[in-house]
Amino acid sequence: MIVTPKKFLGQHFLKDLNIAQSIADSLAITEPTNVLEIGPGMGVLTQFLLKNPQINLKVVELDRESVVYLNENFPELQGRILAEDFLKLDLNNLFDGAPFCVIGNYPYNISSQIFFKVLEYRDRVPVCSGMIQKEVAERIASKPNCKAYGILSVLLQAFYDIEYLFTVHEYVFDPPPKVKSAVIRMRRNNVQKLDCDETLFIKVVKTAFNQRRKMLRNSIAMLVPKDCALMQDPIVTKRPEQLGVQDFVNLTNRIEQEMK
């Protein structure tokens with residue numbers, strides 16, 4: 001049985017076993033660890049995860065055809081295949097409430113949503129690695145004052161240390177995607193809680209980057225009174241890509257003060 005790649009699921013099956021091994025190794029697991037693989041497909045990455053005796057593996061796969069294939073070809077996965085949509089999955093009791101790492105050859109069309117969900121469960125996910133579209137990987141790993149730096153960069157880097165590991169070319173997939181891919185690794189940092197209202201922080205970051213070409217004065221005008229003191233501060237003459245995570249924390253606190 002061969003699984004047919006489905007465009008609507010963003011499936012591009014990796015063929016290169018050396019790359020699959022490198023992705024599996026990116027978690028750098030040397031002690032007993034729970035691992036969730038997202039979108040295993042035909043198990044090219046799964047087979048290497050299963051070979052690591054330290055990994056307690058579960059996989060989540062939406063494609064019914066892939067679920068049948070995995071059950072037929074990986075009997076050791078019996079009872080550990082979640083035939084569900086990861087984006088709708090309740091992760092709280094996935095490993096009886098214990099921490100777990102996340103890995104996968106992520107579908108391009110939902111990769112950003114996957115990382116936002118990981119962020120939501122950040123206190124349970126110490127490490128997340130895998131392969132995504134190169135452009136998205138660059139965006140996630142980008143630092144301030146870079147063109148790729150944006151919403152994903154700030155929100156993920158607030159709680160994770162990001163590493164861009166290596167680039168993957170199109171010809172190692174079936175079918176070949178139209179873009180290059182890349183493997184990244186995110187390690188949970190020591191920030192337990194931001195020193196600001198986190199809900200407002202997210203709103204400020206998204207509002208700022210929705211007008212990324214303009215100075216902050218223009219984008220945050222909808223969040224604060226028109227003639228407030230913040231509008232005279234030098235920070236509002238900057239563009240959002242010039243601000244690091246701590247700068248956005250400080251800006252969020254200033255905006256909260258002005259909103260009172």
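Throughout these legends, buried means under 20% relative accessible area, exposed over 50%, and partly exposed in between, using a 1.4 Å probe and protein chains only.

**Figure 1. The whole protein, with 51% of its 260 residues buried.** This is a predicted model, so to speak of local features we ask for pLDDT of at least 70, and side-chain atom pairs count only at pLDDT 80 or more, while totals for chains, interfaces and linings use all residues. Residues are numbered from 1 along each chain as its sequence is written, and side-chain values use heavy atoms, with hydrogens and water left out. The C-alpha trace spans about 65 × 40 × 30 Å along its principal axes. A compact globule of 260 residues would have a radius of gyration near 18 Å, and the 20 Å found here agrees with that; the radius is taken over C-alpha atoms, and the globule rule is 2.2 Å times the number of residues to the power 0.38. Take contacts (heavy atoms within 4.5 Å) with a separation of 6 or more: 68% of them come from residues 24 or more positions apart.

**Figure 2. The open sheet of 7 strands.** The protein has 9 helices and 9 strands, which are DSSP runs numbered from the N terminus (helices are H or I with at least four residues, strands are E with at least two). Reading across the sheet, the order is E4-E3-E2-E5-E6-E9-E7, with mixed pairing. Strands E4 (81–82) and E7 (160–168) stand at the edges with a single partner strand each, so one side of each has no neighbour in the sheet. Two strands pair here if DSSP finds at least two bridges between them.

**Figure 3. Strand E5 and the strands it pairs with, E2 and E6.** Strand E5 covers residues 101–105 and runs parallel to E6, with 4 bridges joining the two. Strand E2 (residues 33–38) is also parallel to E5, again through 4 bridges. What stands opposite Ile103 of E5? That is Glu37, while in E6 the bridge partner of Ile103 is Ser129. Asn105 has its own bridge partner in E6, namely Met131. Cys101, Ile103 and Asn105 point one way from E5, Val102 and Gly104 point the other way, and all are buried. With 5 of its 5 residues buried, E5 is therefore largely enclosed by the rest of the structure.

**Figure 4. A close-up of Gln133 in strand E6.** Gln133 belongs to the strand made of residues 127–133. Is Gln133 buried or exposed? Its relative accessible area is 18%, so Gln133 counts as buried. Setting aside neighbours within four places in sequence, Gln133 touches Tyr108, Val179, Lys180, Ser181 and Ala182.

**Figure 5. A close-up of Phe74, in the loop between helix H3 and strand E4.** Helix H3 covers 64–73. Phe74 has a relative accessible area of 11%, so this residue is buried. Which residues are in contact with Phe74, leaving aside its neighbours within four places in sequence? They are Met42, Gly43, Gln47, Leu50 and Tyr69. As for Met42, it sits 32 residues from Phe74 in sequence and 9.6 Å away in space, C-alpha to C-alpha.
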